[in-house]
Amino acid sequence: QVQLVESGGGLVQAGGSLRLSCAASARTFSRVTVGWFRQAPGKDRQFVGLISGNGLITTYADSVKGRFTISRGNAENTVTLQMNSLKTEDTAVYYCAIGDVVAGLSTARNWGQGTQVTVSS
């Protein structure tokens, strides 16, 4: 099973930016759809966005559209989530995942451990 590791989370003020990375243990990662998700305390996990295996297709949740950008990293086994104009409601644990990732759904087969993003007012 491919192991996924997220990094780059932290504390940022509202209006600021953070860049999250998702690194995979296998090069096959570069050929599969990768999804980003988040879960805030007391709330259900939420779809944030995805990028297709070839990097040509990205889809975002309405709540992050225009502020977040998903891209394939320079290394073939990484995907990044650039988050700009952060809002306090973006505070959550962010996960990357692969396997049966579908836009708008919060399910996938293989998950990372998550990285905490906290946006202060």
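Leaving aside its neighbours within four places in sequence, which residues is Leu11 in contact with? The answer is Thr118 and Ser120. Keep that pair in mind as you explore this predicted model. The protein chain has 0 helices and 11 strands, so this tour is mostly about strands, how they pair, and what they cover.

**The chain as a whole**

- Reading from the N terminus, the elements run β-β-β-β-β-β-β-β-β-β-β.
- The C-alpha trace spans about 40 × 30 × 25 Å along its principal axes.
- A compact globule of 121 residues would have a radius of gyration near 14 Å, and the 13 Å of the protein chain agrees with that.
- Of the 121 residues in the protein chain, 45% count as buried.
- The accessible surface comes to about 6100 Å², and carbon and sulfur atoms account for 48% of it.
- Among contacts with a separation of 6 or more, 55% link residues that are 24 or more positions apart.

**A sheet of four strands**

- One open sheet has 4 strands in the order 1-3-8-7, with antiparallel pairing.
- Strand 1 and strand 7 (68-72) stand at the edges with a single partner strand each, so one side of each has no neighbour in the sheet.
- From one strand to the next, the twist averages 15°.
- Strand 1 (residues 4-7) and strand 3 run antiparallel and are joined by 4 bridges.
- As a landmark in this pairing, look for Glu6, which stands opposite Cys22 in strand 3.
- Strand 3 is also joined to strand 8 (residues 78-83), by 6 bridges, and these two run antiparallel.
- Here you can find Ala23, whose bridge partner in strand 8 is Thr78.
- Strand 7 and strand 8 are antiparallel too, with 5 bridges between them.
- Ser71 has Thr80 of strand 8 as its bridge partner.

**Two faces of strand 3**

- Strand 3 covers residues 18-24 and has one covered face and one uncovered face.
- On the covered face you will find Leu18, Leu20, Cys22 and Ala24.
- The uncovered face holds Arg19, Ser21 and Ala23.
- Two residues you have already met sit on opposite faces: Cys22, on the covered one, and Ala23, on the uncovered one.

**The nonpolar core**

- The largest nonpolar core has 34 residues.
- Those with the most contacts inside this core are Leu4, Phe29, Trp36, Phe68, Leu81, Met83 and Tyr94.
- Two or more residues each come from strand 3, strand 4 (34-39), strand 5 (46-51), strand 7, strand 8, strand 9 (92-98) and strand 11 (115-120).
- Strand 9 gives the most to this core, with 5 residues.
- Phe68 is a good residue to click on: leaving aside its neighbours within four places in sequence, its contacts include Val48, Tyr60, Leu81, Met83 and Tyr94.
- Phe68 is also in contact with Arg38, Gln82, Asn84, Leu86 and Asp90.

**Leu11 and Val12 in strand 2**

- Leu11 has its place in strand 2 (residues 10-13), and Val12 lies in strand 2 as well.
- Is Leu11 buried or exposed? Leu11 is exposed, because its relative accessible area is 65% and exposed means over 50%.
- Val12 has a relative accessibility of 12%, so it counts as buried, the cut-off for buried being under 20%.
- Beyond its neighbours within four places in sequence, Val12 is in contact with Ser17, Leu18, Leu86, Thr118, Val119 and Ser120.
- Leu11 and Ala92 are 81 residues apart in sequence, and their C-alpha atoms are 11 Å apart in space.
- Val12 and Gly112 are 100 residues apart along the chain, with their C-alpha atoms separated by 22 Å.

**Two loop residues with positive phi**

- Most residues other than glycine have a negative phi.
- Ser85 has a positive phi, near 50°, and is found in the loop between strand 8 and strand 9.
- With 42% relative accessibility, Ser85 counts as partly exposed.
- Asp100 also has a positive phi, near 60°, and its place is in the loop between strand 9 and strand 10 (110-111).
- Asp100 counts as exposed, at 51% relative accessibility.

Methods. Residues are numbered from 1 along each chain as its sequence is written. This is a predicted model: local features need pLDDT of at least 70, side-chain atom pairs count only at pLDDT 80 or more; totals for chains, interfaces and linings use all residues. Side-chain values use heavy atoms; hydrogens and water are left out. Buried means under 20% relative accessible area, exposed over 50%, partly exposed in between (1.4 Å probe, protein chains only). Two strands pair if DSSP finds at least two bridges between them. Axes are lines fitted to C-alpha atoms, for helices over the stretch in contact, and angles run from 0 to 180 degrees between N-to-C directions. The radius of gyration is taken over C-alpha atoms; the globule rule is 2.2 Å times the number of residues to the power 0.38. Contact means heavy atoms within 4.5 Å. Accessible areas come from the Shrake-Rupley method with a 1.4 Å probe; for residues, only the protein chains shown count as cover. A nonpolar core is a set of buried Ala, Val, Leu, Ile, Met, Phe, Trp, Tyr and Cys residues joined through side-chain atoms within 4.5 Å.
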